[in-house]
Amino acid sequence: MKLTDRFRDPEAARAVAQAIRARSTRPVRLMEFCGGHTHAILRFGIPSLLPETVELRSGPGCPVCVTSAGDLDHAIALAQVPDVILTTFGDMVRVPGSRTSLAEAKANGADVRVVYSPLDALQVAQRNPDRPVVFLGVGFETTAPMVASAVLTAEDEGLDNFTVFSTHKLTPPATLAILSTGEVALDGVIGPGHVTTIIGSNAWRFLPQAHHMGCAIAGFEPLDLLRAILALVTMIEEDRPAVDNTYARSVRAEGNVPAQQAIEHVFEVADAEWRGFGTLPASGLQIAERYARFDAARAFSVDDHGRSKAPPSREPPGCRCGDVLRGELLPPECPLFAKGCTPQSPIGPCMVSAEGACAAYYKYGGRPA
């Protein structure tokens, strides 16, 4: 028996779904923050098991998707600096910036390389000591510790040709931004499993304490998600919002303290620009002053490589990805979905990324007739 089998047991899933139907008496809207949750929800057909009273909305849980067009334009400009090798995760290569993408920059001669981890980028720097190597740091609290480790390793090894362009984001501020705007009325939040493994379930206590809203931390299997939904429905029915950790096999209240310490040592919290949100205060991570020599934003002036002379950054024409990220729009409601915008020919990042909501709806259903 595989470890995942116990979390995919059909009889157990039906029993939890029945408990949700029996418990739910009022319409509720729940948001899953994590893009991995969105894919799992659609892959396993979770909506078909839920009563009509329970509505699920996707949030800004795809780090590739929330990377702003401006940050991506900056990364593309870095790739065009002579002799620079820009390394990044595969999804980022095809994401459209304001006018082009890293894939097009590569086709035009830029040295853009796909890596699977920041340590792979370090190896590129080790093998190319005479060339500057930039790692495009993308992700939430889950990937930030690995990038911090890469910076510390570069310092220990005396690598002076390795830098990071950090676009890392923090998840609670984005959740707070959604609640603050009031564009989408929510009744509960399905907390991101991988992120909360790092930050700990205590990091979500602001939801019940300050917003009278429940949060259930979930894993990525059908029973994980159904149990989280049952926990939220129960909180709402009893009017007792709390933080319920239904992913206790991986998540602790305090989180991963060594990982948090690595983030705090190498990074400092800063304002950050999010696609679909604009600039959110204290929502990003930039390289701390003590490690400034590893900060690509400080190390390179890209003005001479087209960025300062280019028009202001903009979203792809007609793309509603920002509305999808805020939960205001379901992917099939975008006029470009599955028409002008497909995984083979994406217009917006939500269709490019493996964690994008549009890609999930396209792959697992929800396409317009």
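Me: What makes seven residues in the lining of the second largest pocket count as charged?
Reply: This is a predicted model. Asp, Glu, Lys and Arg count as charged. The lining of the second largest pocket has seven charged residues, beside seven polar and six nonpolar ones. Asp71 and Asp271 lie among the lining residues nearest the centre, so each counts as charged.

Me: Why are Phe165 and Ser166 called lining residues of the second largest pocket?
Reply: A lining residue has an atom within 4 Å of a pocket point. Phe165 and Ser166 are among the 20 that line this pocket, so each has such an atom. The pocket's volume is about 290 Å³. Elements giving two or more residues to its lining include α5 (69-79), β6 (162-166) and β11 (267-274).

Me: What makes Gly139 polar in the lining of the largest pocket?
Reply: Gly is grouped with the polar residues. Gly139 lies nearest the centre together with Pro63, Thr142, Thr143 and Glu355. Pro counts as nonpolar, so Pro63 falls in that class. The whole lining has 12 nonpolar, eight polar and two charged residues. This pocket has a volume of about 470 Å³.

Me: How do you know that Phe162 is buried?
Reply: Phe162 belongs to the largest nonpolar core, of 97 residues. A core takes buried residues, and buried means under 20% relative accessible area. Therefore Phe162 is under that cut-off. Phe162 and Phe267 have the most contacts inside the core.

Me: Why is Phe162 said to be in contact with Ala121?
Reply: Contact means heavy atoms within 4.5 Å. Ala121 is on the contact list of Phe162, as are Leu122, Val133 and Phe294. So each has heavy atoms within 4.5 Å of Phe162.

Note on methods: Residues are numbered from 1 along each chain as its sequence is written. This is a predicted model: local features need pLDDT of at least 70, side-chain atom pairs count only at pLDDT 80 or more; totals for chains, interfaces and linings use all residues. Side-chain values use heavy atoms; hydrogens and water are left out. A nonpolar core is a set of buried Ala, Val, Leu, Ile, Met, Phe, Trp, Tyr and Cys residues joined through side-chain atoms within 4.5 Å. Buried means under 20% relative accessible area, exposed over 50%, partly exposed in between (1.4 Å probe, protein chains only). On a 1 Å grid over the protein atoms alone, a cavity is a set of points where a 1.4 Å probe fits but cannot get out, and a pocket is an open set with protein on both sides within 12 Å along at least five of seven lines; lining residues have an atom within 4 Å of a point. Grid points are joined across faces, edges and corners, and a volume is the space filled by probe spheres set on the points. Helices (H or I, at least four residues) and strands (E, at least two) are DSSP runs, numbered from the N terminus. Lists of a residue's contacts leave out its neighbours within four places in sequence.
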